[in-house]
Amino acid sequence: MNLFTHDSLLSRFFYLVGDIITLHLLWILCSLPIFTIGASTTALYYSCMKRIRTKEGYPLKNFFASFKMNFKQSTLIWLCLLVIGFLFFADFRIAMALGNTLGHLMLIACSCFFIPYLLICLYIFPVQAKFKNTIYDNLKNAFFMAIRHFPLTLLLVVIDTSFVLLFFSSVPFIGLALCCGVGLLGYLNSNLFVFIFRKYVPDEFEHDLEISGEHF
């Protein structure tokens, strides 16, 4: 009889699934103009992290609040990363096409710069969702956090890479990804980012417990 009460494990699971699907659909809809992907991703992380921290179930409200608040900075960051990513793609293509010593040197040089670029891409939108700062400071902090918490960074890479590989190799997973893939990936990653960011906001944990009504 208690399975279907508001606070039961089953009810909380279905609420979570509903929120993940909602955030997945919101991200897709708000990313359709392409140039808004940065703002949508920031809003996704903001909503996921807030839900994890406080058990607050208002994905629609939180998503659009963050989307509006971070739109300018997130869009500029996304467009810069997109342009840089295109330049890396072009350089790699040229280096592979050369196929000689110069090409090999270009591949090595591009790879050395590409790794920091990937680390920043992995952290920048969660950092943007969490901290109010200049674009330069958030980019710098995203890179140094990725290095400082390198074991967790590797775990994030494993999670994201596994998602991509499963999407292209498993038909059942394709169905899952189409229903809630972005929301689910954002939620999984956000659990790690909540843990990382609490090291920089030490009083947040007690504040979150108070809001959620939980105790030590």
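**Entry 1: R51 and its partner**

I started with R51, which turns out to be buried, with a relative accessible area of 14%. A note to self before going on: this is a predicted model, so I read every value here as computed from it.

What does the side chain of R51 meet in a salt bridge? I found D19 there, with 2.5 Å from N to O. The pair links distant parts of the chain, since R51 sits in helix α2 (residues 37-54) and D19 in helix α1 (residues 9-31), 32 residues apart. I then checked whether D19 is buried or exposed. D19 is buried, because its relative accessible area is 11%, and the cut-off for buried is under 20%. As background, side chains of opposite charge can pair when their charged atoms come close.

**Entry 2: the other salt bridge**

I asked how many salt bridges the rule gives, and the count comes to two. Besides R51 with D19, I noted K140 with D137, where the closest N and O atoms are 3.7 Å apart. K140 and D137 both lie in helix α5 (residues 135-148), three residues apart, which is about one turn of the helix. I looked up accessibility for each of them: K140 is partly exposed at 33%, and D137 is partly exposed at 22%. So the R51 and D19 pair has buried residues at both ends, while K140 and D137 are partly exposed.

**Entry 3: L139, also in α5**

While in helix α5 I looked at L139, which is found there too. L139 counts as partly exposed, at 26% relative accessibility. Which residues does L139 touch, leaving aside its neighbours within four places in sequence? I got I77, I120 and I124. I also took the separation of the C-alpha atoms of L139 and K199: 18 Å, for residues 60 apart along the chain.

**Entry 4: helix α2 and what follows**

Back to α2, the helix that holds R51. It has 18 residues and reaches 26 Å from its first C-alpha to its last, close to the 26 Å expected at 1.5 Å a residue. I wondered how enclosed α2 is by the rest of the structure. It is largely enclosed, because 16 of its 18 residues are buried. Right after α2 comes K55, whose phi is positive, near 60 degrees.

**Entry 5: I34, before α2**

I34 lies in the loop between α1 and α2. Its phi is positive, about 75 degrees, although I34 is not a glycine. I wrote that down because most residues other than glycine have a negative phi. I34 is partly exposed, with a relative accessible area of 49%; exposed would need over 50%.

**Entry 6: α1 against α7**

Next I looked at how helices pack. Two packed helices are described by the angle between their axes and the distance between the axes. For α1 and helix α7 (residues 171-197), the angle is about 100 degrees and the axes are 7 Å apart. That makes α1 and α7 roughly perpendicular to each other, because the range for that word is 65 to 115 degrees.

Which residues of α1 meet α7? I listed L16, I20, I21, H24 and W27 on the α1 side. On the α7 side, the residues they meet include A177, C180, G181, G183 and Y187.

**Entry 7: α3 against α4**

I did the same for α3 and helix α4 (residues 101-130), which pack at about 160 degrees with their axes 10 Å apart. α3 and α4 are therefore roughly antiparallel to each other, as angles over 145 degrees count that way. Their crossing is left-handed.

**Entry 8: N70 in α3**

Still in α3 (residues 59-98), I picked out N70. Is N70 buried or exposed? N70 is buried, at 7% relative accessibility. Not counting residues up to four places away in sequence, N70 touches T42, T75 and Q128.

**Entry 9: the whole chain**

Last, I stepped back to the whole protein chain. I counted eight helices and zero strands. Of its 216 residues, 39% count as buried. The C-alpha atoms fill a box of roughly 70 × 40 × 35 Å, taken along the principal axes. Among contacts between residues at least 6 apart in sequence, 68% join residues at least 24 apart.

Definitions and conventions:
Residues are numbered from 1 along each chain as its sequence is written. This is a predicted model: local features need pLDDT of at least 70, side-chain atom pairs count only at pLDDT 80 or more; totals for chains, interfaces and linings use all residues. Side-chain values use heavy atoms; hydrogens and water are left out. Helices (H or I, at least four residues) and strands (E, at least two) are DSSP runs, numbered from the N terminus. Buried means under 20% relative accessible area, exposed over 50%, partly exposed in between (1.4 Å probe, protein chains only). Contact means heavy atoms within 4.5 Å. A salt bridge is a side-chain nitrogen of Lys or Arg within 4 Å of a carboxyl oxygen of Asp or Glu. The expected span of a helix is 1.5 Å times one less than its number of residues. Axes are lines fitted to C-alpha atoms, for helices over the stretch in contact, and angles run from 0 to 180 degrees between N-to-C directions. Angles under 35 degrees count as roughly parallel, over 145 as roughly antiparallel, 65 to 115 as roughly perpendicular and the rest as oblique. A crossing is left-handed if the near helix is turned anticlockwise from the far one by less than a right angle, and right-handed if clockwise.
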